[in-house]
Amino acid sequence: MATWILGQSPWLHASRVRLRLDFLPPKVWSQARNRLNASLALSTQSPSSIEVEHMPLPRQAPDMSVFEEMTAEYTLAVSQSSSAYTPQTSSGTLVNLIRTGNYAVAESLRKEMVDIKMPVQPNAIYERAAKAVLQTKGLKNRGEAFSAWLSLVPTAMEQWSSFKDIRQQLFRGSNYFNISLIMRFGLVMASKGYIASDAQSQVLSTLARYASPATTESYILQLETVVDRLSKTGHVEVTPEQWARIYSLVIRNQVLAGRGEHALQLARVAASRERQVTDFTFRFLLEHSQDEAFTASVHGLREQISSNPYSIPDVWGKRICSHTDTLALASRLRYLRRAIISTNPPTAYSLSDFMNAYHATGRTRALLSLRKKAFQHSHKAKSLWVMAEMLYHRSRNEPQLVLVVFAYHFHMIGVPRRTILKIMRLISKRRAQLSQRTSLPKHMLNRQYDISEKLWPTPYHTALVWEALVWSTPESDHDRMYKYLLAIADSSASQKPISDPDSKFAPSLLQLPRRTVDAAHFSPFVKLHAKRGRPERAAGVLKDMVRFGLSPGVVQWSIVARGFAEYGDPAVAVSIIERLEEHDGSRVRAGVSGDHADRTPSILDIGLYTNVLRGFVLARRLEHAQDTEQRIRQRFEYVDGELRATDDALRLLRNLERQMAN
């Protein structure tokens, strides 16, 4: 050790030596100074003092061989810092454990402090522990641990927080909705004084849309209980206007989820608790009125609890989108910049067509600008843009990228989550090969726009997802996926919670909106069976649709009829056409006798006959094909050259006639 000291410090004159002393109280310091002066008080007349005074300093460096060698032991001893923080209390130790990321030990310490009833000092750092609970997989008693940590954060009056990380994990980072955790999050926030915050509104909107009405009403009741307890202590006071906004938000989201009766019931609950509802919400209920009795009930409640029952009603009109196909590319870009954030937005198909046309020029700057404008405007604009991106990939025959776009932007509600995640993992493993094999726009491959929370999918988005899944998964998975689609349709129709039987993570409180599934969700399965020579199973899918109250459209009937014409019994295909013609005739006659004859369009179009005609030709059934041609010319007064698809089918028929004649 001495060798190291002498090697590091040069020899200095005695007058330049400084001693490092720890801080001491003034009295102790004074006593120590006096004793040191007394011990150093040497007589200047003594021979030893005179000798020391005239003794010269050493002219050579000391001999290092007399000291020990420098080893790692000395280096370790010197490198250890004496300034390490040592907590003095249990709360300080708990904070230090969270700061260092030692959450398991922190959880044990927290439980011990709770058992011995030792108070924990509130600290905002406990949000990290609550987020860690959400991110830990397979954790037992996740809800209790999450509530325990979140309850240790300061109140809104002490230190305001947006709970950004926790909200992102609950509503953005997770691939499914855990209704139980969302309810715990909202109630703990309410106990901390966050009643009218954006986070509380997010919780209420999610529960109103994806939880059962009983669960949502129970949550509001618990919320009022928490607020009453806080108001008695003087910590929080919620105004009647804030309660009106809370009830109105939940009622509107119930209506959007297709639960008009439950929304009306919640309005009655608000009246029984002497809560007001905004007049905009009542006008929203009237717009979605189901019958005259529903309208009368809304008017009665409006007079009773509306915040402004005499406001001027809005003009509710259907939006008519402008057609931009004939405009030049620059003109379309100028139009889309204005329209995408207006009350009259373009259709998703118009945006998708613009993406194709603009990508053909080799540029992407305008697409990035449009996407940024849409994402910064509103959730509706975001949903519209993402729908256009999904249609873009669909037009390029890229079903896997349709799933990628959906999974990044939307909650996986109404779709087979585990199947999508499996495909996503496969895509991530071969992402480099995928980017080399396909020429994608940069903004759609590796430059996704960062969003704070995922969006709620509409039936239009989920229908595209089901179509992409059917054409990107092996045949062995189709039966399982179809059973899950039937379970979703049953849950949506019966309004009962649904849980995936194959997933242990699916929340049991999740309830789908009423209009989650429509006929377009079944079309991929109908087309799959019809194209692969199974028309009977395609007809079985239509039977399942009718069982769930969904009316097959002309597209589904056309696919089934084409399947029988090409692979099955041709008499069944002809029978389908005849029954559709008979049903269409009865509808037209009923429409003419009524007051809305102009609103009763024909469900049949030339596309159905063209599709069946092509099936007969490919099956080389000449007689049935000629009969279908006659139906086309008589019913639609068709002249060659009007429609390209019909002309192609007729051209195939002429070729078949020549082949059969030879």
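A positive surface patch, as the term is used here, joins Lys or Arg residues that have over 30% relative accessible area and no salt bridge, like charges being joined within 9 Å. In this predicted model, one such patch is formed by Arg334, Arg337, Arg338, Arg365 and Lys373. Helix α17 (329–339) and helix α19 (365–377) each supply at least two of the patch residues. The largest share, three residues, comes from α17. Arg338 is placed in helix α17. Its relative accessibility is 58%, and Arg338 therefore counts as exposed, the cut-off for that class being over 50%.

The patch belongs to a protein chain of 662 residues, of which 44% count as buried. The secondary structure of the chain comes to 33 helices and zero strands. Among contacts between residues at least 6 apart in sequence, 70% join residues at least 24 apart. The chain exposes about 37800 Å², and carbon and sulfur atoms supply 53% of that area.

Helix α15 gives a view of the interior. It spans residues 279–287, and its buried residues are Asp279, Thr281, Phe282, Arg283, Phe284 and Leu285. Other helices take part in covering these residues, including α13 (240–256), α14 (260–272) and α16 (292–305).

Which residue of α15 meets Arg302 in a salt bridge? The partner is Asp279, and the N to O distance is 2.7 Å. This pair links distant parts of the chain, since Arg302 lies in helix α16 and Asp279 in helix α15, 23 residues apart. Is Asp279 buried or exposed? Asp279 has a relative accessibility of 3% and so counts as buried. Arg302 is buried as well, with a relative accessible area of 12%.

Another charged residue, Arg209, lies in helix α11 (residues 198–210). Arg209 has a relative accessible area of 14%, which means that it is buried; the limit for that class is under 20%. Apart from its neighbours within four places in sequence, Arg209 is in contact with Asn253, Leu256, Ala257, Arg259, Trp456, Gln511 and Pro513. Of these contacts, Asn253 and Leu256 fall within the span of α13 (240–256).

The structure holds 23 salt bridges. One of them joins Arg184 to Glu144, with the closest N and O atoms 3.6 Å apart. Arg184 lies in helix α10 (residues 179–191) and Glu144 in helix α8 (residues 142–150), so this pair ties together parts that are 40 residues apart in sequence. Arg184 is partly exposed, with a relative accessible area of 27%, and Glu144 is partly exposed at 44%.

A further salt bridge is formed by Glu398 and Arg396, whose closest N and O atoms are 3.0 Å apart. Here one partner is buried and the other is not: Glu398 has a relative accessible area of 11% and is buried, whereas Arg396, at 26%, counts as partly exposed.

Salt bridges can also link several residues. Glu629, Arg633, Asp640, Arg654 and Glu657 are linked in a network of salt bridges.

Technical notes: Residues numbered from 1 in each chain as written. Predicted model: local features only at pLDDT ≥ 70, side-chain atom pairs only at ≥ 80, totals over all residues. Heavy atoms only, no water. Helix = DSSP H or I, 4+ residues; strand = E, 2+ residues; numbered from the N terminus. Buried < 20%, exposed > 50% of the residue type's maximum accessible area, 1.4 Å probe, protein only. Contact = heavy atoms within 4.5 Å. Areas by Shrake-Rupley, 256 points an atom, 1.4 Å probe, with all protein chains shown as cover. Salt bridge = Lys/Arg side-chain N within 4 Å of Asp/Glu carboxyl O. Patch = residues over 30% accessible without salt bridge, like charges linked within 9 Å, V, L, I, M, F, W, Y side chains within 5 Å. Charge placed at Lys NZ, Arg CZ, Asp CG, Glu CD.
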